[in-house]
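Welcome, and thanks for taking a look at this one. Please have the viewer open and follow along as the report walks through its pockets, cavities, strands and a few single residues.

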Amino acid sequence: MFRALILEKDADGQAMAVVKKLDDAALPDGDVLVAVEYSTLNYKDGLCLSATGGGLVRTWPHVAGIDLAGTVEASDDPRYRPGDKVVLTGWRVGEAHWGGYAQKARVRADWLVPLPTGLTTRAAMAVGTAGFTAMLAVMALEDHGLTPARGEVLVTGAAGGVGSVAVAILAQLGYQVAAVTGRPETEAYLRGLGATRIIPRADLAETVKRPLESEVWAGCIDAVGGAMLARVLGQLKYNASAAAVGLAGGAALPASVIPFLLRGVNLLGIDSVLKPFADRQRAWGRIASDLPMAKLDAMIRTATLAELPALGAAILQGQVQGRVVVDVNA
Ligand code: NDP
């Protein structure tokens, strides 16, 4: 038997979350059984935990949690043996397949990545999809020529999960980091992570008035989308890139093509869900080497399974600072 946060529909068709005990036989099919140690909370988890499942969950009862880390308990796949430490993000786990908000998960071996040396399962979940995606964005910007010598890098939605990890990694790599936040009270936190400039959200929230503004940013990691990303495109330096990661501020992109045509800027799409294994391994390796654990610790709050419904609602309202680590055994 194991404990899980089960999402079930009530008589009105609204999903409700309850911590319950389940038998291993209730788990979905898969070739690796993982004793989950930690999971986490991402924006997408907030959607899955909502009363409608956010359009991501289609069948109930369901176990949410798009990320998990733990120890292999049993494996039918030669790549994994009992005792191996593993991490899982993406692949629609927690949406279409039962996820990490449980003490056990049965998953496909193809979805797993061996935990890199130097990371604990707890640290891996402090990183989670949000931090993993922040690293993918850093790597994409580097692949398109970003170096610290090119100038200041902008991070939007900076006090959130993706933003916090992006700020910490970029600062560690020697970048000047400008952090956009709508929460002025997070300034000390963001400076602690390595931000060198704080920009109020309102300064970038207006829709594009002029397609080109002064060239300011050597790159951007954008968790917000919408009018803010459109505005940033017109402020990128010649040949610079923005990595589009999220839509916390909206999915529309009310932009002009002029920055692409006259400044050769790039808009790089970042997807963490279907990343091939080799890229995942490379990104986790970079996380282990380039993300200072002391800064990661400064971003974390720990939660139990029972606290997740309230935290899910909070993350959808942009009220969660940094990263939440879920101790599924607490
Ligand atoms: P968080 O809620 O932790 O962070 C989002 C941050 O965006 C908030 O903390 C807030 O930062 C800012 N924000 C919220 N609402 C608005 C708004 N209306 N206008 C401007 N800024 C706003 O979420 P995550 O960091 O987990 O995820 C961020 C985004 O990235 C989400 O859209 C998520 O779906 C996406 N994502 C995409 C992935 C991919 O594979 N492409 C993977 C992971 C996440 P502040 O208070 O500092 O302003």
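## The second largest pocket

Which element gives the most to the lining of the second largest pocket? Helix α2 does, with 4 residues. Before going further, please keep in mind that this is a predicted model.

The second largest pocket holds about 160 Å³ of space. Three elements each supply at least two residues of its lining: α2 (121–143), β14 (266–269) and α8 (277–290). If you would like to select the lining in your viewer, pick Leu136, Met139, Ala140, Asp143, His144, Leu268, Gly269, Ile270, Asp271, Lys275, Asp279 and Arg282. Sorted by class, that lining comes to 5 nonpolar, 2 polar and 5 charged residues.

## Thr129 in helix α2

Helix α2 also holds Thr129. Is Thr129 buried or exposed? Its relative accessibility is 11%, and because the cut-off for buried is under 20%, Thr129 counts as buried.

What does Thr129 touch, once residues up to four places away in sequence are set aside? Its contacts are Asn42, Ile66, Asp67, Thr89, Gly90, Ser272 and Arg323. Two of these contacts fall in strands described further down: Asp67 belongs to the range of β5 (residues 67–75), and Thr89 to that of β6 (residues 85–89).

## Two cavities

How many cavities of 30 Å³ or more are there? The count comes to 2. The largest cavity has a volume of about 40 Å³, and the second largest about 30 Å³.

Around the largest cavity you will find Phe2, Leu27, Pro28, Val63, Trp98, Gly99, Ala102, Lys104, Ala105 and Arg106. Strand β7 (residues 104–107) provides the largest share of this lining, 3 residues. By class, the lining of the largest cavity divides into 7 nonpolar, 1 polar and 2 charged residues.

The second largest cavity is lined by Leu141, His144, Gly145, Leu146, Arg150, Ala218, Asn239, Ala240 and Ser241. Here the largest share, again 3 residues, comes from strand β13 (residues 236–244). The classes are 4 nonpolar, 4 polar and 1 charged. His144 is worth clicking on: it appears in the lining of the second largest cavity and also in that of the second largest pocket.

## An open sheet of three strands

In what order do the 3 strands of the open sheet run? The order is β2-β1-β4, with antiparallel pairing. Strands β2 (15–22) and β4 (62–63) stand at the edges; each has a single partner strand, so one side of each is left without a neighbour in the sheet.

Strand β1 (residues 2–9) pairs with β4 over 2 bridges, in the antiparallel sense. To see this pairing at the residue level, look at Leu7, which stands opposite His62 in β4. The residue ranges also link this sheet to the largest cavity: Phe2 and Val63, both among the lining residues, fall in β1 and β4.

## Strand β6 and its partners

Why is strand β6 described as largely enclosed? Of the 5 residues in β6 (residues 85–89), 4 are buried, so the strand is largely enclosed by the rest of the structure.

Strand β5 (residues 67–75) runs antiparallel to β6, and 5 bridges join them. One bridge partner pair to display is Leu68 with Leu88 in β6. Strand β6 is also joined to strand β8 (residues 112–114) by 3 bridges, likewise antiparallel. In that pairing, Val86 stands opposite Pro114 in β8.

## Gly163 and two cysteines

Gly163 sits in helix α3 (residues 161–172). With 1% relative accessibility, Gly163 counts as buried. Leaving out residues up to four places away in sequence, Gly163 touches Val155, Thr156, Gly157 and Ala158. For a distance check, Gly163 and Leu233 are 70 residues apart in sequence and 18 Å apart in space, C-alpha to C-alpha.

How many disulfides does the model have? The count comes to 0. Cys48 is buried, with a relative accessible area of 0%, and Cys220 also counts as buried, at 0% relative accessibility.

Terms used: Residues are numbered from 1 along each chain as its sequence is written. This is a predicted model: local features need pLDDT of at least 70, side-chain atom pairs count only at pLDDT 80 or more; totals for chains, interfaces and linings use all residues. Side-chain values use heavy atoms; hydrogens and water are left out. On a 1 Å grid over the protein atoms alone, a cavity is a set of points where a 1.4 Å probe fits but cannot get out, and a pocket is an open set with protein on both sides within 12 Å along at least five of seven lines; lining residues have an atom within 4 Å of a point. Grid points are joined across faces, edges and corners, and a volume is the space filled by probe spheres set on the points. Ala, Val, Leu, Ile, Met, Phe, Trp, Tyr, Cys and Pro count as nonpolar, Asp, Glu, Lys and Arg as charged, and the others, Gly among them, as polar. Buried means under 20% relative accessible area, exposed over 50%, partly exposed in between (1.4 Å probe, protein chains only). Contact means heavy atoms within 4.5 Å. Two strands pair if DSSP finds at least two bridges between them. A disulfide is a pair of cysteine sulfur atoms within 2.5 Å.
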